[in-house]
Amino acid sequence: MRLFDEIRNYKPANEQEERDKEQMLRFMADNPDYLSRENQIAHFSASVWTVNKERTKTLMVYHNIYNSWSWIGGHADGIEDLCSVAMRELQEETGIRHAVLVSPDILSLETLTVNGHVKRGNYVPSHLHFNVTYLAEADEQEELIVKADENQAVRWWTFEEALTVPSEEWMVERVYRKLIERSK
């Protein structure tokens with residue numbers, strides 16, 4: 001139950017994180033399959049907010065399902081070490097191989113809504129992602145790749161641009177602004 005303890009010990013920075021933290025801990029206590037997509041109500045995911053060494057830009061992908069520029073992340077799929085999940089997703093979705101985790105500590109928590117969609121020919125019902133975010137640094141000069149089954153583009157954006165290119169207003173106001181402030 002290491003993840004439970006990490007979340008329990010996390011110090012929320014605002015009301016959104018405080019409420020989401022409570023929701024996550026209750027869900028984990030009541031649902032032993034909280035790390036699995038088999039739980040179609042909610043499950044855990046991990047994201048990585050990736051910045052350049054100067055901490056002036058962030059790496060984002062144009063996500064196929066959300067039809068928006070977004071951070072990088074993915075499902076826990078049974079793995080409790082969400083930090084390793086986030087770093088794996090960074091490599092898979094962008095091609096970045098030499099990123100450095102700034103800290104193994106949680107950068108932020110958020111409960112995210114996922115609308116129903118079709119993935120690999122199967123309908124996935126609307127559900128929640130209990131998301132844990134970590135901070136990594138990467139070299140802007142490293143070659144980027146597109147993972148076509150998940151995204152259409154990968155690009156570095158200045159922090160100012162990163163607040164204008166996503167189409168999901170809630171993500172910009174409640175998540176990306178917070179991550180930019182915490183990564184400076």
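Arg55 is partly exposed, at 22% relative accessibility. I start there because 22% sits just on the partly exposed side of the cut-off, buried being under 20%. Keep in mind throughout that this is a predicted model.

What does Arg55 pair with? Its partner in a salt bridge is Glu137, and the closest N and O atoms are 3.0 Å apart. The two residues come from distant parts of the chain, 82 residues apart. Glu137 belongs to strand 9, while Arg55 is in the loop between strand 1 (42-51) and strand 2 (57-63).

Staying with salt bridges, the count for the structure is 15. As a reminder, side chains of opposite charge can pair when their charged atoms come close.

One of them is between Arg2 and Glu6, again with 3.0 Å between the closest N and O atoms. Here the partners are in helix 1 (residues 2-9), and because they are four residues apart, about one helical turn separates them. Arg2 has a relative accessible area of 48%, so Arg2 is partly exposed. Glu6 is partly exposed as well, with a value of 22%.

Another salt bridge joins the side chains of Glu181 and Lys184, at 3.5 Å from N to O. Are these two buried or exposed? Both Glu181 and Lys184 are exposed.

There is also a network. Salt bridges link Glu17, Glu110, Lys178 and Arg182.

Glu110 brings me to strand 6, which covers residues 108-114. Of its seven residues, six are buried, so the strand is largely enclosed by the rest of the structure. Which strand does strand 6 pair with? Strand 6 pairs with strand 9 (residues 127-137), in the antiparallel sense, over seven bridges. To give one position, Leu112 stands opposite His129 of strand 9. Strand 9 is also the strand that holds Glu137, from the salt bridge to Arg55.

His129 comes up again in the next topic, the pocket. Rolling a probe the size of a water molecule over the atoms shows where empty space is left. The largest pocket has a volume of about 1100 Å³. Its lining is made up of 45 residues, and those nearest the centre are Ile65, Tyr66, His75, Val114 and His129.

Which elements supply at least two residues each to that lining? Among the strands there are strand 1, strand 4 (72-75), strand 6, strand 7 (117-119), strand 8 and strand 9. The helices are helix 3 (82-94) and helix 5 (169-183). By residue class, the lining divides into 14 nonpolar, 17 polar and 14 charged.

Now the aromatic side chains. How many aromatic pairs does the structure hold? The answer is seven. In one of them, Tyr34 and Phe44 have their ring centres 5.6 Å apart and their planes at 75°, so this pair is edge-to-face. Tyr34 is in the loop between helix 2 (15-30) and strand 1, and Phe44 is in strand 1, so the pair ties together parts that are ten residues apart in sequence. Tyr34 and Phe44 are both buried.

The second pair I want to show is Trp49 with Tyr176. This one is stacked, with 5.6 Å from centre to centre and 20° between the planes. Trp49 is in strand 1 and Tyr176 in helix 5, so the pair ties together parts that are 127 residues apart in sequence. Trp49 and Tyr176 are both buried too.

Tyr34 and Phe44 are also members of a cluster. Together with Phe27 and Phe130, they form one aromatic cluster.

Two exposed residues to finish. His98 is in the loop between helix 3 and strand 5 (100-101). Its relative accessible area is 61%, so His98 counts as exposed. How far is His98 from Ala138? In sequence they are 40 residues apart, and in space the C-alpha atoms are 6.6 Å apart.

The other residue is Asn122, in strand 8 (residues 122-124). Asn122 has a relative accessible area of 51%, which is over the 50% cut-off and therefore exposed. Asn122 and Asp81 are 41 residues apart in sequence, and their C-alpha atoms are 27 Å apart in space.

Definitions and conventions
Residues are numbered from 1 along each chain as its sequence is written. This is a predicted model: local features need pLDDT of at least 70, side-chain atom pairs count only at pLDDT 80 or more; totals for chains, interfaces and linings use all residues. Side-chain values use heavy atoms; hydrogens and water are left out. Buried means under 20% relative accessible area, exposed over 50%, partly exposed in between (1.4 Å probe, protein chains only). Two strands pair if DSSP finds at least two bridges between them. A salt bridge is a side-chain nitrogen of Lys or Arg within 4 Å of a carboxyl oxygen of Asp or Glu. On a 1 Å grid over the protein atoms alone, a cavity is a set of points where a 1.4 Å probe fits but cannot get out, and a pocket is an open set with protein on both sides within 12 Å along at least five of seven lines; lining residues have an atom within 4 Å of a point. Grid points are joined across faces, edges and corners, and a volume is the space filled by probe spheres set on the points. Ala, Val, Leu, Ile, Met, Phe, Trp, Tyr, Cys and Pro count as nonpolar, Asp, Glu, Lys and Arg as charged, and the others, Gly among them, as polar. Rings of Phe, Tyr and Trp (its six-membered ring) pair if their centres lie within 6.5 Å; planes under 30 degrees apart count as stacked, over 60 as edge-to-face and the rest as tilted.
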